[in-house]
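Grab your viewer and work through the exercises below. Each one sets a task and then walks through a solution.

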Amino acid sequence: MDKLVYGFQEGRKEQKALLGGKGANLAEMTSLGLPVPQGFTITTQACLEYYKKGEKLWDELVSQIKDGVAVIEKQRGKKFGDVNDPLLVSVRSGAVVSMPGMMDTILNLGLNDEAVEGLARVTNNGRFAYDSYRRFIQMFSDVAIGIPKSLFESKLEHMKEKSGVVLDKDLSEEQLRELVKEYKVIYKEQKGEDFPMEPMTQLNLAVEAVFKSWNNERAKLYRTLNGISHDLGTAVNVQSMVFGNKGDESGTGVAFSRNPATGENKVFGEFLMNAQGEDVVAGIRTPNPIETLKDISESCYNEFMETAKKLEKHYRDMQDIEFTIEDNKLYILQTRNGKRTALSAVVIATELYEEGMITKEEAILRVDPKQLDQLLHPVFDSKALKNAAPIGRGLPASPGAGMGQIYFTADDAYNANAAGQQVILVRQETSPEDLKGMNCADGILTSSGGMTSHAAVVARGMGKCCVAGCSDVRIDEESKTMTAAGKVYREGDFISLDGSTGLVYGEKIEKNEPQLSGKFKEFMDWADEIRTLEVFANADTPHDARVAIGFNAQGIGLCRTEHMFFELDRIQAVREMILSNTLEEREKALAKLLPMQRGDFVGIFDAMEDRPVTIRLLDPPLHEFLPREESDIRVLANEMKIPFEEVKARIVSLEEFNPMLGHRGCRLAITYPEIAKMQARAIIEAAIESKKNGNTGVYPEIMIPLVGHINELSYIKKHISEEIEKVFAEKGERVQFLIGTMIEVPRAALTAGEIAKEAEFFSFGTNDLTQMTFGFSRDDSGKFLADYSDKSIFDSDPFQSVDQTGVGRLMELAVKEGRAVRSNLILGICGEHGGDPASVEFCHKLGLNYVSCSPYRVPIARLAAAQAVIKQK
Ligand code: PEP
Ligand code: MG
């Protein structure tokens with residue numbers, strides 16, 4: 001005869017497959033000698049057998065359940081249904097992994113018309129006893145029998161209305177007795193029989209309900225989507241109830257073995273005497289700090305403190321522990337690894353290592369890299385956030401919290417900020433002309449554009465909060481209003497943005513500044529010791545370069561030169577260059593740009609010293625640099641001394657139907673090699689100057705974007721190499737440098753073997769590679785990818801985390817074929833994915849040399865790279 005029921009004292013934690021996660025944990029705590037309320041687990045095997053037997057409980061199981069109850073009765077000295085002090089139990093599902101759709105908990109099972117009187121007597125609280133009874137009937141009917149909850153709730157509402165009270169807790173014992181009667185009538189009407197008074201019948205029905213919930217539609221769908229076998233079955237946990245509200249010698253609380261906010265190694269928690277679990281969280285009574293339990297019951301306090309340390313040592317991590325005291329006796333109801341802030345996670349991981357409880361590698365794995373954002377950016381005050389309701393959700397484009405008054409143009413934002421206001425820049429989408437407004441804003445909100453839109457990329461570089469592509473808000477730049485959740489927001493109104501979740505709030509929410517503890521450095525140093533992948537930053541200016549070094553970036557993986565073109569004093573020369581009709585005119589305009597670019601590069605090289613600096617030649621379509629407003633076009637025409645109509649016509653001729661697939665990247669340099677030549681000259685002249693400044697290790701890498709065919713690369717490489725040799729000859733000085741390319745067009749990945757003959761390095765531009773592999777526009781996909789996630793078509797946004805199956809396959813091919821041709825080919829990634837932990841792990845597995853991401857994500861990538869090494873072992 002199979003053993004189908006295990007007392008908590010009989011199980012072991014290794015029996016998770018048989019006892020489920022919860023059951024194995026309860027058994028584990030019991031065998032540690034902890035005061036866990038007694039109970040038993042019905043095995044997953046019993047659940048599978050139940051299905052084999054045509055969904056019926058069978059005699060053997062019923063008899064083993066009965067024996068299980070008898071054991072608890074004996075242990076607790078209480079009897080099921082007893083009119084004096086009844087044994088009550090909770091019933092919970094407990095699969096190997098927890099999943100949605102499984103049966104909710106039923107509490108207080110065992111109550112009936114007689115036992116309720118016994119409960120009233122022992123708790124000396126008739127109101128409580130009847131409240132527990134009416135809750136039990138409702139829970140049991142809904143959860144185990146499937147009678148709609150709403151039927152009970154409308155009776156409850158009606159009773160409150162009739163009695164003139166607002167809250168459930170204000171109903172009297174009499175009123176609750178009345179409600180119990182009404183509930184039983186509902187049960188009879190719906191089920192066609194009386195509410196079961198016999199506790200064993202109640203229990204068997206509840207057990208069956210748990211078994212049935214294994215195969216409900218939600219649970220089945222969840223398993224299918226997550227690749228969990230349908231043949232595991234669920235266990236059922238039956239545990240005796242303990243009451244913290246039996247009187248002044250009873251109580252309940254929750255405590256963490258260390259401080260979950262700061263990581264301090266001191267038990268942190270609170271409790272309430274004569275109360276039930278929900279009273280602690282409901283906030284009606286103010287709970288007391290755990291230290292004061294010492295004054296009420298020294299024995300319980302000491303036992304709890306010892307237990308907390310014991311559990312922490314056993315599970316080798318900070319524990320979140322629920323406890324109840326019944327008649328001055330401590331019970332541990334639950335323990336699990338506690339949730340914690342990033343600060344606390346770092347402090348606890350380092351200290352557990354120092355205390356010898358875990359290894360350095362384990363410490364590194366204990367902190368979620370994504371959580372580090374909390375340490376690097378301001379976050380909303382958690383209490384303030386609880387009371388705030390979002391008015392929309394966009395893409396979490398750049399993490400951190402932003403709060404301020406809204407402005408709809410860069411100029412307005414700039415002026416308001418200059419006048420002392422904290423501002424949020426609100427735009428349909430941003431363009432490089434908005435930089436000045438973005439720079440002074442506390443946060444940026446756009447209604448269109450994706451994770452790699454201008455707003456998102458620039459905000460990440462600036463370390464500024466940004467919610468992009470939020471189609472829930474309608475922005476009218478003309479009337480300077482924004483409409484969301486049925487309300488109109490005007491210039492000067494306050495909003496708050498959470499760049500880590502993408503949520504937008506129509507109000508002011510207080511923020512907390514990030515806190516970096518000494519432990520952070522220690523912890524990150526360990527990560528650096530372990531990782532093999534180098535971590536670079538995407539940085540466009542000397543300032544960004546310095547920020548990147550502050551975060552220990554080992555180089556610059558992408559300097560987008562065009563970002564330098566938008567400074568007010570430069571855009572004019574850029575526009576002249578674009579609108580030139582002849583090569584001569586263009587070279588004249590380029591000559592004005594040369595010293596400006598050179599100056600920027602010197603600043604970056606000086607800041608980066610001997611670290612590699614990868615500078616990309618001009619990438620975006622030219623029309624992006626031209627004015628859009630008629631008044632601006634007139635100013636330009638005046639300055640260039642060209643008729644307005646002609647300028648306008650030239651601008652129109654540059655417009656493209658699909659600029660992302662248009663005249664951009666290396667295609668520009670094919671048409672106008674003089675642009676690439678000017679940039680190469682600026683880079684090399686700057687390197688020579690930096691070398692003269694004492695930076696002898698200066699190391700420029702010139703990167704050609706959007707190559708899809710080897711001949712594109714050869715053509716441009718030939719032109720810039722000639723120009724570079726000219727510079728060396730003119731200056732009588734040489735510097736080391738590399739010429740390489742981005743792999744961001746699928747054809748480049750497919751022909752990587754050919755391309756590696758010319759390229760000394762590859763940098764995966766996974767923003768474009770994702771766009772072109774899926775055929776999803778980077779700038780429009782924000783509008784529909786949310787549906788993909790809601791409908792579980794994708795589990796992550798491929799613009800945030802590399803699509804390893806598709807895009808990743810192209811990368812793998814390029815790595816293999818590129819290295820086969822050139823064994824010392826340097827490989828990196830500079831798309832936004834370079835700061836995404838899962839993508840970093842993937843890049844490590846592919847054997848890339850480095851990942852490059854925005855400066856503020858460098859610590860995240862450093863940690864993820866270390867974790868990748870440990871996980872691979
Ligand atoms: C890319 O395409 O991944 C990339 C880094 O370049 P950009 O985002 O500037 O197109
Ligand atoms: Mg690109």
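Before starting, one cut-off: buried means under 20% relative accessible area, exposed means over 50%, and partly exposed is whatever falls in between. Keep in mind that this is a predicted model.

**Exercise 1. Sort N552 and K641 by exposure, and find what their backbones share.**

Step 1: place them. N552 sits in the loop between α21 (542-550) and β27 (556-560). K641 belongs to the loop between α24 (630-640) and α25 (644-654).

Step 2: apply the cut-off. N552 has a relative accessible area of 36%, so it goes down as partly exposed. K641 comes in at 73%, so it is exposed.

Step 3: check phi. For N552 the angle is near 70 degrees, a positive value in a residue other than glycine. K641 isn't a glycine either, yet its phi is positive at about 55 degrees.

Step 4: put that in context. Most residues other than glycine have a negative phi.

**Exercise 2. Take the overall dimensions and make-up of the protein.**

Step 1: count elements. There are 35 helices and 33 strands.

Step 2: get the extents. The C-alpha trace spans about 105 × 60 × 55 Å along the principal axes.

Step 3: look at burial and surface. Of the 873 residues, 57% are buried. The accessible surface comes to about 36600 Å², with 48% of it belonging to carbon and sulfur atoms.

Step 4: look at contact range. Among contacts with a separation of 6 or more, 69% are between residues 24 or more positions apart.

Step 5: tally charges. You should find 104 positive and 130 negative side chains, with the centres of the two sets 2 Å apart.

**Exercise 3. Which residues coordinate the magnesium ion, and where do they come from?**

Step 1: list the donors. The magnesium ion (ligand 2) is coordinated by E744 through OE and by D768 through OD, at 2.0 to 2.2 Å.

Step 2: trace them back to the chain. This pair links distant parts of it: E744 is in the loop between β30 (738-743) and α29 (746-750), while D768 is in helix α31 (residues 766-774), 24 residues apart.

Step 3: buried or exposed? E744 has 2% relative accessibility, so it counts as buried. D768 has a relative accessible area of 2%, so D768 is buried as well.

**Exercise 4. Check the span of helix α7 and see what it packs against.**

Step 1: compare spans. α7 (residues 173-191) has 19 residues and reaches 27 Å from its first C-alpha to its last, close to the 27 Å expected at 1.5 Å a residue.

Step 2: pick out the buried positions. They are L176, L179, V180, E182, Y183, K184, I186 and Y187.

Step 3: find their partners. These buried residues pack against α5 (126-145) and α6 (149-163).

Step 4: look just past the end of α7. There G192 takes a positive phi of about 80 degrees.

**Exercise 5. Work out the surroundings of A637 and S854, skipping neighbours within four places in sequence.**

Step 1: start with A637, which lies in helix α24. Its relative accessibility is 4%, so A637 counts as buried.

Step 2: list its contacts. A637 touches I642, P643, F644 and V647. For a distance check, A637 and K648 are 11 residues apart in sequence and 8.7 Å apart in space, C-alpha to C-alpha.

Step 3: move on to S854, in the loop between β33 (850-853) and α35 (858-872). Its relative accessible area is 5%, so S854 is buried.

Step 4: list the contacts of S854. These are R460, G461 and N538.

**Exercise 6. Do likewise for P514 and Y414, and add a C-alpha distance for each.**

Step 1: P514 is in the loop between β25 (511-512) and α20 (518-530). At a relative accessible area of 31%, P514 is partly exposed.

Step 2: beyond neighbours within four places, P514 is in contact with Q374, L375, L376, H377 and P378. Its C-alpha is 29 Å from that of S448, 66 residues apart along the chain.

Step 3: Y414 lies in helix α17 (residues 410-418). With a relative accessible area of 39%, Y414 is partly exposed.

Step 4: again beyond neighbours within four places, Y414 contacts K436 and C440. The C-alpha atoms of Y414 and A865, 451 residues apart along the chain, are separated by 39 Å.

How values were computed
Residues are numbered from 1 along each chain as its sequence is written. Chains are lettered from A and ligands numbered from 1 in the order in which they are written. Side-chain values use heavy atoms; hydrogens and water are left out. Helices (H or I, at least four residues) and strands (E, at least two) are DSSP runs, numbered from the N terminus. The expected span of a helix is 1.5 Å times one less than its number of residues. Buried means under 20% relative accessible area, exposed over 50%, partly exposed in between (1.4 Å probe, protein chains only). Contact means heavy atoms within 4.5 Å. Donors are N, O and S atoms within 2.8 Å of the metal (3.2 Å for Na, K and Ca); water is not among the atoms, so sites may look incomplete. Accessible areas come from the Shrake-Rupley method with a 1.4 Å probe; for residues, only the protein chains shown count as cover. Lys and Arg count as positive and Asp and Glu as negative; His and the chain ends are not counted. The place of a charge is taken as NZ of Lys, CZ of Arg, CG of Asp or CD of Glu.
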